[in-house]
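User: I'm new to reading protein models and would like a close look at a single part of this one. Could you walk me through it in plain words?

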Amino acid sequence: METCPNCKSKLNIDEKSSGRCFSCGTAFEPSLSKERSQFSYSTSDNTIAKLIKICGFVIIVLGTILSLVTAGGDGYKYEFSLSRFMIPELVSVSIGLFFIGFSEVIQLLEDIRNKLTSN
């Protein structure tokens, strides 16, 4: 149904799925439109969230390796410096955790969208 049966105004996606015309308030049988159902993906298909999460883990691992290298000294003798290790390590871990958290937010938003389209 593309138009309201009462006022003949064009229905948007929200009106079609809710079963109510927002212009005049007429109730009708709700239907999921083709536009909305084509965007419903399963939660396992969210590749963007997976890629961002992988980037977060890579940042943490590479940051730890580079922190160990920079804390090792000037190249002539190996003398471990805790302060030269901790600052880059904290930065890399916090950036990596930010990426992992951002991927979780994307996954949660995908789940919310899937629940809204299935109702």
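Analyst: Let's start with a pair of charged side chains: Glu 110 forms a salt bridge with Arg 113, and their closest N and O atoms are 3.2 Å apart. Keep in mind that this is a predicted model, so every value here is computed from predicted atom positions. Both partners sit in helix α4, and because they are 3 residues apart there, about one helical turn separates them. How buried or exposed are the two ends of this bridge? Glu 110 has a relative accessible area of 13%, which is under the 20% cut-off, so Glu 110 counts as buried. Arg 113, at 31%, counts as partly exposed.

So what is helix α4 like? This helix covers residues 82-118, which makes 37 residues. From its first C-alpha to its last, α4 reaches 53 Å, close to the 54 Å you would expect at 1.5 Å a residue. Glu 110 has company as a buried residue of α4: Phe 85, Glu 89, Ser 92, Gly 96 and Ile 100 are also among the buried ones. Further along the helix, the buried residues include Ser 103, Ile 106, Gln 107, Asn 114 and Thr 117. For the wider setting, 26% of the 119 residues of the chain count as buried.

Now zoom out a little. The chain has 4 helices and 0 strands, so reading from the N terminus you simply go α-α-α-α. The partner to look at next is helix α3, residues 47-71. In general, two packed helices are described by the angle between their axes and the distance between the axes. Here, the axes of α3 and α4 come within 8 Å and cross at roughly 175°. That angle is over 145°, so α3 is roughly antiparallel to α4. And what kinds of residues make up the contact of α3 with α4? They divide into 18 nonpolar, 9 polar and 4 charged.

There is a salt bridge between these two helices as well. A search of the whole structure finds 2 salt bridges, and besides the one we began with, the side chains of Glu 104 and Lys 53 meet at 2.5 Å, N to O. Glu 104 lies in α4 and Lys 53 in α3, so this pair ties together parts that are 51 residues apart in sequence. Glu 104 is partly exposed at 34% relative accessibility, and Lys 53 is partly exposed too, with 28%.

You can follow the pairing of the helices through C-alpha distances as well. Take Val 105, which lies in α4 and counts as partly exposed at 42% relative accessibility. Val 105 and Ala 49 are 56 residues apart along the chain, yet their C-alpha atoms are separated by 8.4 Å. Another example starts from Val 69, in helix α3. At 55% relative accessibility, Val 69 counts as exposed. Its C-alpha is 9.6 Å from that of Arg 84, with the two positions 15 residues apart in sequence numbering.

Arg 84 turns up again when you look at the loop between α3 and α4, where Gly 73 is found. The C-alpha atoms of Gly 73 and Arg 84 are separated by 8.9 Å, and the two residues are 11 apart along the chain. Gly 73 counts as partly exposed, at 23% relative accessibility.

While you have the model open, try the cysteines. How many disulfides does a search of the whole structure find? The count is 0. Cys 21, for one, is in no disulfide: the nearest cysteine sulfur belongs to Cys 4 and is 3.7 Å away. A disulfide needs the two sulfur atoms within 2.5 Å, so 3.7 Å doesn't qualify. Cys 21 is buried, at 1% relative accessibility, whereas Cys 55 is partly exposed, with 39%.

One last stop is Lys 8, in the segment before α1 (13-18). Most residues other than glycine have a negative phi. Lys 8 goes the other way, with a positive phi of about 65° although it is not a glycine. With a relative accessible area of 58%, Lys 8 is exposed.

Conventions
Residues are numbered from 1 along each chain as its sequence is written. This is a predicted model: local features need pLDDT of at least 70, side-chain atom pairs count only at pLDDT 80 or more; totals for chains, interfaces and linings use all residues. Side-chain values use heavy atoms; hydrogens and water are left out. Buried means under 20% relative accessible area, exposed over 50%, partly exposed in between (1.4 Å probe, protein chains only). The expected span of a helix is 1.5 Å times one less than its number of residues. Axes are lines fitted to C-alpha atoms, for helices over the stretch in contact, and angles run from 0 to 180 degrees between N-to-C directions. Angles under 35 degrees count as roughly parallel, over 145 as roughly antiparallel, 65 to 115 as roughly perpendicular and the rest as oblique. Ala, Val, Leu, Ile, Met, Phe, Trp, Tyr, Cys and Pro count as nonpolar, Asp, Glu, Lys and Arg as charged, and the others, Gly among them, as polar. A salt bridge is a side-chain nitrogen of Lys or Arg within 4 Å of a carboxyl oxygen of Asp or Glu.
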